Amino acid sequence: MLDLIAGFLVGVSMVTLVLVFCVMNIEIVTRYLFGVSTLIADEYGGYGLTVVILSGLMYAHRSGALLKVEMGLGLMGRRTRSAALAIASLASVVLAAFSAYAGYQTWSLSWLFGSASAFASETPLWIPQAVIPFGFFLLSLSFTEEFVSRLYGAGR
């Protein structure tokens, strides 16, 4: 199930990247040809890249594309390596869950106080911030699955 979610989210990431590309190019064309700005390209480009990154994290983890230090792993025995990888998975669960919690706190404060961006669009900040706790929560689920599988010897 998590692989299906990750696959869907990488699709969302790709579509969002295309949209960011379009917004940035519209900005370039309108500035160059007409001397006017859309006034939203930088802001929405940043929001879009946040969606791209946080939508792609779960897929990157599940496909083995996240960075990990392997130098010491080659020197360890099989059992020590398994234990080290399980501990690393658990630490990753904690960090991703904490990031989801912190993202939720930021989102809820923006919602509570009706915070809006300082740009011309005055976008309610809870809208782009919603992706932060969601993305990190799903990443923590993926790390949790890895931890459980390593704990029971299935290892990824």
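## Helices and the model

Helices here are DSSP runs of H or I with at least four residues, numbered from the N terminus. S55 lies in one such run, helix 2. The model is predicted.

Helix 1 spans residues 2-34. Helix 2 covers residues 41-62, and helix 5 covers residues 131-151.

## Helix 1 against helix 2

Helix 1 and helix 2 pack with their axes 8 Å apart, at an angle of about 155°. An angle over 145 degrees counts as roughly antiparallel, so helix 1 is roughly antiparallel to helix 2. The crossing of helix 1 past helix 2 is left-handed. The residues of this contact divide by class into 16 nonpolar, 7 polar and 4 charged.

S55 belongs to helix 2. Is S55 buried or exposed? Its relative accessible area is 5%. The cut-off for buried is under 20%, so S55 is buried. Which residues does S55 touch, leaving aside its neighbours within four places in sequence? They are L9, V10, V12 and S13.

## Helix 2 against helix 5

The axes of helix 2 and helix 5 cross at roughly 5° and come within 9 Å. Angles under 35 degrees count as roughly parallel, so helix 2 is roughly parallel to helix 5.

From helix 2, the contact takes in T50, V51, L54, L57, M58, H61 and R62. From helix 5, the residues are V131, I132, G135, F136, L138, L139, S142, F143, E145 and E146. By class, the residues of the contact of helix 2 with helix 5 are 10 nonpolar, 4 polar and 3 charged.

## A salt bridge between helices

How many salt bridges does a search of the whole structure find? The search finds 4. One of the pairs is E145 with R62, whose side chains meet at 2.6 Å, N to O. E145 lies in helix 5 and R62 in helix 2, so the pair ties together parts that are 83 residues apart in sequence. Both residues also appear in the contact of helix 2 with helix 5.

The burial of the two partners can be read from their accessible areas. R62 is buried, with a relative accessible area of 15%. E145 is partly exposed, at 33% relative accessibility. The pair is also part of a network: salt bridges link D3, R62 and E145.

## Salt bridges within helices

In helix 1, E27 forms a salt bridge with R31. Their closest N and O atoms are 2.5 Å apart. The two residues are 4 residues apart in helix 1, so about one helical turn separates E27 and R31. E27 is buried, with a relative accessible area of 8%.

Helix 5 holds another such pair, E146 and R150. Their side chains meet in a salt bridge at 3.0 Å, N to O. E146 and R150 are 4 residues apart, so about one helical turn lies between them. E146 is buried at 11% relative accessible area. R150 is buried as well, at 14%. E146 is also among the helix 5 residues that meet helix 2.

## Summary

Helix 2 is roughly antiparallel to helix 1 and roughly parallel to helix 5. R62 of helix 2 joins E145 of helix 5 in a salt bridge, and D3, R62 and E145 form a network. Two further pairs, E27 with R31 and E146 with R150, are each separated by about one helical turn.

Note on methods:
Residues are numbered from 1 along each chain as its sequence is written. This is a predicted model: local features need pLDDT of at least 70, side-chain atom pairs count only at pLDDT 80 or more; totals for chains, interfaces and linings use all residues. Side-chain values use heavy atoms; hydrogens and water are left out. Buried means under 20% relative accessible area, exposed over 50%, partly exposed in between (1.4 Å probe, protein chains only). Axes are lines fitted to C-alpha atoms, for helices over the stretch in contact, and angles run from 0 to 180 degrees between N-to-C directions. Angles under 35 degrees count as roughly parallel, over 145 as roughly antiparallel, 65 to 115 as roughly perpendicular and the rest as oblique. A crossing is left-handed if the near helix is turned anticlockwise from the far one by less than a right angle, and right-handed if clockwise. Ala, Val, Leu, Ile, Met, Phe, Trp, Tyr, Cys and Pro count as nonpolar, Asp, Glu, Lys and Arg as charged, and the others, Gly among them, as polar. Contact means heavy atoms within 4.5 Å.
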